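Here are three short exercises to work through at your own pace. Have a look at the chain first, then try each task before reading its solution.

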Amino acid sequence: MRLLILFFFVTVFSAGAQAQQAPLRIMMIFAHPDEGEVYTGGTAALYTQMGHQVKFMSLTNGDKGHWVEKPEVLAKRRYQEAMNSKKILNLADYEVLNYHDQGLKNTPESRGKVIKSIEAFKPDVVFTFYPAQGGHTDNMTAGYIVRDAAKDLKMEKMPVFLYIRDFHTHNFSYIPDFAFSIDKVWETKLAACGAHKTQVEEAIPHGMGILDEVRKDPAKQKQLIYNNTYAYSKVFPSYIYALEKWNGKKAMPEVKYAEGFEIAEFGRQVTEEELVKLVPMLNTSLVVPATKD
């Protein structure tokens, strides 16, 4: 009898462990190479460290925004930077479409490419920009493209769509549905963001008027990468409620870096219990199971 009970326990435990270890498929869809890193780099790193498959998809090639490089040269450089970041984050794929920077349009063609990519990768979760006024035009367009494309997806199981709030839209009220610490993968996120040298070592310091001093001083270069990445990773006041809900108030003072997201109104809708399975970084002990009538 004892052996039977032990066998039952081991069998159930093993089945549960296998269920927990089944790899998730995650997509981040954004407008320019480097945005997956600055907005979701910590999240991607946490997923891949857990053994899950993550794909980045940039809808433009990022061929503008540099004061000296020709668009075709810049696009090639930014593609290579994306591939370097792919290695750092251990991504399954990093797809870069050839639409021009600052020219992204919500068209049947662009939606068709997104549909094709989503259907081929079969993600459980898709992260994309929240389409709202006040954000970067390409970023907002990316959000609209994904939202409209979702209506025509032909999949056995629809993904759960999660919104990324564009940095420029933090000027108005926004409380994410969940947020979590990315402290333990902070250095990985920094490295992935730092891989985009055309941005953090060239375009950004040039725009700030400090290009020469940054080039001469590796310490200032490192600080600039940190500052630029931190701007997208700090514990925003709007994150407090979500961080406390999922991590507890006692853990809050220890959180230095965080990422937060919102469940989109389209796609598959989930309970908090289901959400924890799709976003395993969340603290499952704080989820209250839904009561049955």
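A contact means heavy atoms within 4.5 Å. Helices (H or I, at least four residues) and strands (E, at least two) are DSSP runs, numbered from the N terminus. This is a predicted model, where local features need pLDDT of at least 70, side-chain atom pairs count only at pLDDT 80 or more, and totals for chains, interfaces and linings use all residues. Residues are numbered from 1 along each chain as its sequence is written, and side-chain values use heavy atoms, with hydrogens and water left out.

**Exercise 1.** Find which residues of helix α10 are buried (under 20% relative accessible area, 1.4 Å probe, protein chains only).

*Solution.* Step one: go to residues 240-247, where Ala 242, Leu 243 and Trp 246 are buried. Step two: these three lie on the same side of α10, because they cover an arc of only 100° around the axis, taken from the directions from the helix axis to the C-beta atoms. Step three: their cover includes β6 (178-181), β7 (258-267) and α11 (272-278).

**Exercise 2.** Work out what follows α10.

*Solution.* Step past the helix to Gly 248, whose phi is positive, near 90°.

**Exercise 3.** Judge the confidence of the model through pLDDT (the predictor's confidence in each residue, from 0 to 100).

*Solution.* Start with the whole protein: the mean pLDDT is 88, and 87% of the residues reach 70 or more. Then turn to residues 2-19, where the pLDDT is below 50. Beyond near neighbours in sequence, this stretch has zero contacts in the model. Where pLDDT is low, the predicted coordinates should not be read in detail.

How values were computed
Buried means under 20% relative accessible area, exposed over 50%, partly exposed in between (1.4 Å probe, protein chains only).
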